[in-house]
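Me: I'm new to this one and would like a close look at a single part, the place where some of its helices pack together. Please take me through it slowly, and add a few things around it that are worth finding on screen.

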Amino acid sequence: MKAISVEDLEPGMILARSLVNDDMIVVLSADTVLTKAHITRLNFLNIPVVYIKDDNDIRYGVGNDSPLFNKGNAFAKEYTGVVSTAKQLFEEIASGKGEQVEVAKNVVQESVIPMTKNSGVIDFLFDLNHLASDVYNHSLRVSVMAGVIAKWLHFGPRKTRDLVLAGFLHDVGKSRFPERLVGKNVAMLKGADYEAYMKHTMDGHHILNTMEGLSEGVRLAAMQHHERMDGSGFPFNCTGADIHEYARIIAIADIYDNMTTEREGYIKQTPFHAINYITQHLYTSLDPVVAVPVLTRIKDAFLGSRVILSNGLSGIIVAFPGDFAGRPIVSVAHGEILNLNEFNEIQITEYNPK
């Protein structure tokens, strides 16, 4: 499989991955043999790059992801419905409508938590992360990731619901952002805009403090999800045990989503960049009690996945080292095995869902 510009497509090429638009409608399915009409349509839709089967894929039947895509498409449709609900909920909660807390709890229980139980949820989230970086999409993805982490930490049903709700509401303070700040790269903000961004955690805590029926953990997750164990975070430079457990978990889910999402000023990175970041900050800014199980379990989701390397080779992830090395061991052409932790110059440039 190889990425190719739509401008370079030719009739007869075979699509390796299904294409989905922002409304979660399938534009073209995997295994479609492209015609002139297909290529014209892709140009009209301003789709810049697609994945095309190469000779090896065609010869050995690799790349037919339709079973996975069918499950992913069902996940995506559920996701889209929850995002729509989240937008309305955030606006109403921000305006002081306390009764919406019960609606949010119901959405978490009936929709978000079932999403966290999907096999392949990590891949599905990565596929969705090109759609939108707005607060509603981001909050839903973080809440799903928080639910997955709750499973890895062996939380019971009640605590899991509370943590997922914390993830769902952690950025509710951004509902008070001026429209021009939504989705902006914080590194590019200055003056009053930067101050408004830094204040969103306090705004979120204030909003949730006016609501009944929320635990202290949910409220503190909104306040503290940018705090760091070594005191390097904000808004109050809290350290260690002064940061609520929920906030420590949401912090990791938030980092993972931000790094694997296309945003202004940021290029969407592979999950392995996020894993490497978490590994590097394991005993400094992040909580190892949370981060170690995350690193251990999330790597299982990537075993057997195809990757493309910066040296042009493609391969299959076959293992991760037994320590907390952040990069996988990859089987490439002719059975050669590369431990990428020993080849820092080689990067994973593309992650292919299983």
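Reply: Let's settle one word before we start: a contact, or a touch, means heavy atoms within 4.5 Å. Keep in mind too that this is a predicted model.

Here's the setting. The protein chain has 13 helices and nine strands. Of its 354 residues, 51% count as buried. If you take the contacts with a separation of 6 or more, 62% of them are between residues 24 or more positions apart. Bits of chain that are far apart in sequence will come up again below.

Now for the part to zoom in on: helix α10, residues 216-224. How many of its nine residues are buried? Eight of them are, which leaves α10 mostly covered. On screen, the buried ones to pick out are Gly217, Val218, Arg219, Leu220, Ala221, Ala222, Met223 and Gln224. What lies over them? The cover for the buried residues of α10 includes α7, α9 (200-209) and α11.

Take α11 first, since there is plenty to see in how α10 packs on it. The axes of α10 and α11 come within 8 Å, and they cross at roughly 50°. An angle like that is too wide for roughly parallel, which needs under 35 degrees, and it falls short of the 65 to 115 degrees for roughly perpendicular; α10 is therefore oblique to α11. The crossing is right-handed. On the α10 side, the residues that take part are Gly217, Val218, Leu220, Ala221 and Gln224, and they meet Tyr246, Ala247 and Ile250 of α11. Sorted by class, this contact has six nonpolar residues, two polar ones and no charged ones.

Stay on α11 (residues 245-259) and look for helix α13 (residues 288-298): their axes come within 10 Å and cross at roughly 45°. That angle makes α11 oblique to α13. Here, too, the crossing is a right-handed one. From α11 you'll find Arg248, Ile249, Ile252 and Tyr256, and they meet Val290, Ala291, Val294 and Ile298 from α13. The residues of this contact split into seven nonpolar, no polar and one charged.

Next, go back to α7, another of the helices covering α10. Helix α7 covers residues 157-169, and its 13 residues reach 18 Å from the first C-alpha to the last, close to the 18 Å expected at 1.5 Å a residue. Its buried residues are Thr160, Leu163, Val164, Leu165, Ala166, Gly167, Phe168 and Leu169.

One of those, Val164, leads us to a partner from elsewhere in the chain. Val164 and Ile113 are 51 residues apart in sequence, yet their C-alpha atoms are 7.4 Å apart in space. Ile113 sits in helix α4 (residues 100-116). Is Ile113 buried or exposed? Its relative accessible area is 8%, and the cut-off for buried is under 20%, so Ile113 is buried. Leaving out residues up to four places away in sequence, Ile113 touches Val108, Arg161 and Val164.

Now follow the chain from α10 towards α11, because the loop between them holds two backbone details worth finding. Pro235 is in that loop, and the peptide bond from Phe234 to Pro235 is cis, with omega near 15°. Asn237 is in the loop between α10 and α11 as well. Its phi is near 55°, a positive value in a residue other than glycine. With a relative accessible area of 47%, Asn237 is partly exposed.

On the far side of α11, the loop that leads to α12 (271-280) holds Tyr266. Tyr266 counts as partly exposed, at 29% relative accessibility. Its C-alpha is 7.5 Å from that of Asn185, although the two are 81 residues apart in sequence.

For a last stop outside this group of helices, try His334, in the loop between β7 (329-331) and β8 (337-339). Like Asn237, His334 isn't a glycine but has a positive phi, here about 60°. With a relative accessible area of 86%, His334 is exposed.

Conventions:
Residues are numbered from 1 along each chain as its sequence is written. This is a predicted model: local features need pLDDT of at least 70, side-chain atom pairs count only at pLDDT 80 or more; totals for chains, interfaces and linings use all residues. Side-chain values use heavy atoms; hydrogens and water are left out. Helices (H or I, at least four residues) and strands (E, at least two) are DSSP runs, numbered from the N terminus. The expected span of a helix is 1.5 Å times one less than its number of residues. Buried means under 20% relative accessible area, exposed over 50%, partly exposed in between (1.4 Å probe, protein chains only). Axes are lines fitted to C-alpha atoms, for helices over the stretch in contact, and angles run from 0 to 180 degrees between N-to-C directions. Angles under 35 degrees count as roughly parallel, over 145 as roughly antiparallel, 65 to 115 as roughly perpendicular and the rest as oblique. A crossing is left-handed if the near helix is turned anticlockwise from the far one by less than a right angle, and right-handed if clockwise. Ala, Val, Leu, Ile, Met, Phe, Trp, Tyr, Cys and Pro count as nonpolar, Asp, Glu, Lys and Arg as charged, and the others, Gly among them, as polar.
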